[in-house]
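User: I am new to this structure and would like a close look at a single part of it. Please take the sheet and what surrounds it, and go through the details in a connected way.

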Amino acid sequence: MTPKRILLTGASGCIGHYIAEALIQETEHELYLLVRNPDKLGFDYEARPGVTILQADLRQIERFADLLKTMNMAILAATAWGGQQETFDVNVVKTMRLMELLDPSVCEQVIYFSTASVLDRNNQILRESGQLGTEYIRSKYQCLVQLPKLAIAPKITTVFPTLVLGGDANKPYSHISSGIRDVVKWVDLIRWFKADASFHFIHGRDIAQVVRYLVDHPPEPAWFGEPDMQSTRRLVLGNAPLTVNQAVEEVCAYLGKKIYFRIPLSPWLADILIVLFRIQMAAWDRFSMSYRHFTYQNPINPATLGLEPYCKTLTDVLRISGIREAKNSGVVRSEPEVRENS
């Protein structure tokens, strides 16, 4: 296979580390990594020839206009998480500008990272995400609805990660992984409650496997003719859905904690606790409590592509995170509970 010229943004982030590492170690593609601070890179980008560091902020992307026209592929994993102006500039204005600078006759594919928070349970745009979401979520919503305007639009593969896990001594931890030990500390309290909610998760290394596959197997060009974007190439990245109750049961089994009974944590009880403890909640938090089931149709992970997943169960998550398993825990990997979308 002829090596491609690939631009990767966000290589210093959690997901970006896994993608860059996979592309460096497993391919011969010519890589261009756009990073603000190369000192934050925990992988060896000098491990082989053909890896070039472009030291700049995404907001300076016009500096590389000529270079971008030569790219066969772009993987856009860079994102800003907070600060209204920076978040909008990076996640919308400059991300769109970067894609405008690509040459549709040269570029085979753009892999654009959005977030599953902007989709509903049928993988369609969740309007509330653009109205009530955090600055990050609203910016991803705004960029998503503008993609069809681009000349490169038919070649965009938009990936929507669900809850992302990952990080180690050489990679930054995701927001979720950095809080796993806190969840374990609270499990003695959490195990007494039941909650009607569900979610997906996926590890950064598994995301890298999917991206690695897409690099060598670009989907067919999409037609961007429908206002609701039903025809665009969208891939939700995640393992099978898991209910909160299943998650608690699996964690307790791993830690050797018995569950004797559980109190249903109904929405009205949650509202009482919020008032009682004067908990400040943003509009998106309140919407999430009401929406509860952040599940999606046909999630993609290495297993669905015929590859071996790195992390597919919460038991895997706990082991990878260095949480010690109780002796004779009797962990059983049950099939995820199937729930009808309502």
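**The sheet and its surroundings**

Analyst: In this predicted model, a good place to begin is one pair of residues: Val159 has Leu235, in strand β11, as its bridge partner. The strand β6, residues 156-161, runs parallel to β11, and the two are joined over 5 bridges. These two strands belong to an open sheet of 7 strands, whose order is β3-β2-β1-β4-β5-β6-β11 and whose pairing is parallel. At the edges of the sheet are β3 (51-55) and β11 (233-237), each of which pairs on one side only. On average, neighbouring strands of this sheet are turned by 15 degrees against each other, if direction is ignored.

Against this sheet packs helix α8, made of residues 204-216, which touches β1 (5-9), β4 (73-76), β5 (109-113), β6 and β11. The direction of helix α8 makes about 160 degrees with that of β5.

From Ile207 we can turn to a residue elsewhere in the chain, Pro309, since their C-alpha atoms are separated by 9.6 Å although the two residues are 102 apart along the chain. Pro309 is placed in the loop between α11 (283-291) and α12 (314-320). With neighbours within four places in sequence left aside, Pro309 is in contact with Asp206, Gln209, Pro302 and Ala303. The relative accessible area of Pro309 is 14%, and because this is under 20%, the residue counts as buried. There is also a charge over a ring to note, for Arg205 lies over the face of Tyr310, at 4.1 Å from the ring centre.

The helix α11 brings in the aromatic residues, and the structure holds 7 aromatic pairs. In one of them, Trp284 and Phe287 have ring centres 5.2 Å apart and planes at 35 degrees, so this pair is tilted. Because Trp284 and Phe287 are 3 residues apart in helix α11, about one helical turn separates them, and both are buried. The rings of Phe287 and Tyr291 also have their centres 5.2 Å apart, but their planes are at 25 degrees, so this pair is stacked. Phe287 and Tyr291 are 4 residues apart in helix α11, and therefore they too are separated by about one helical turn. The relative accessible area is 13% for Phe287 and 15% for Tyr291. Ring pairs link Trp284, Phe287, Tyr291 and Phe294 into a cluster, and over the face of Tyr291 lies Arg121, at 4.1 Å from the ring centre.

Definitions and conventions
Residues are numbered from 1 along each chain as its sequence is written. This is a predicted model: local features need pLDDT of at least 70, side-chain atom pairs count only at pLDDT 80 or more; totals for chains, interfaces and linings use all residues. Side-chain values use heavy atoms; hydrogens and water are left out. Two strands pair if DSSP finds at least two bridges between them. Axes are lines fitted to C-alpha atoms, for helices over the stretch in contact, and angles run from 0 to 180 degrees between N-to-C directions. Contact means heavy atoms within 4.5 Å. Buried means under 20% relative accessible area, exposed over 50%, partly exposed in between (1.4 Å probe, protein chains only). Rings of Phe, Tyr and Trp (its six-membered ring) pair if their centres lie within 6.5 Å; planes under 30 degrees apart count as stacked, over 60 as edge-to-face and the rest as tilted. A charge sits over a ring if NZ of Lys or CZ of Arg is within 6 Å of the ring centre and within 35 degrees of the ring normal.
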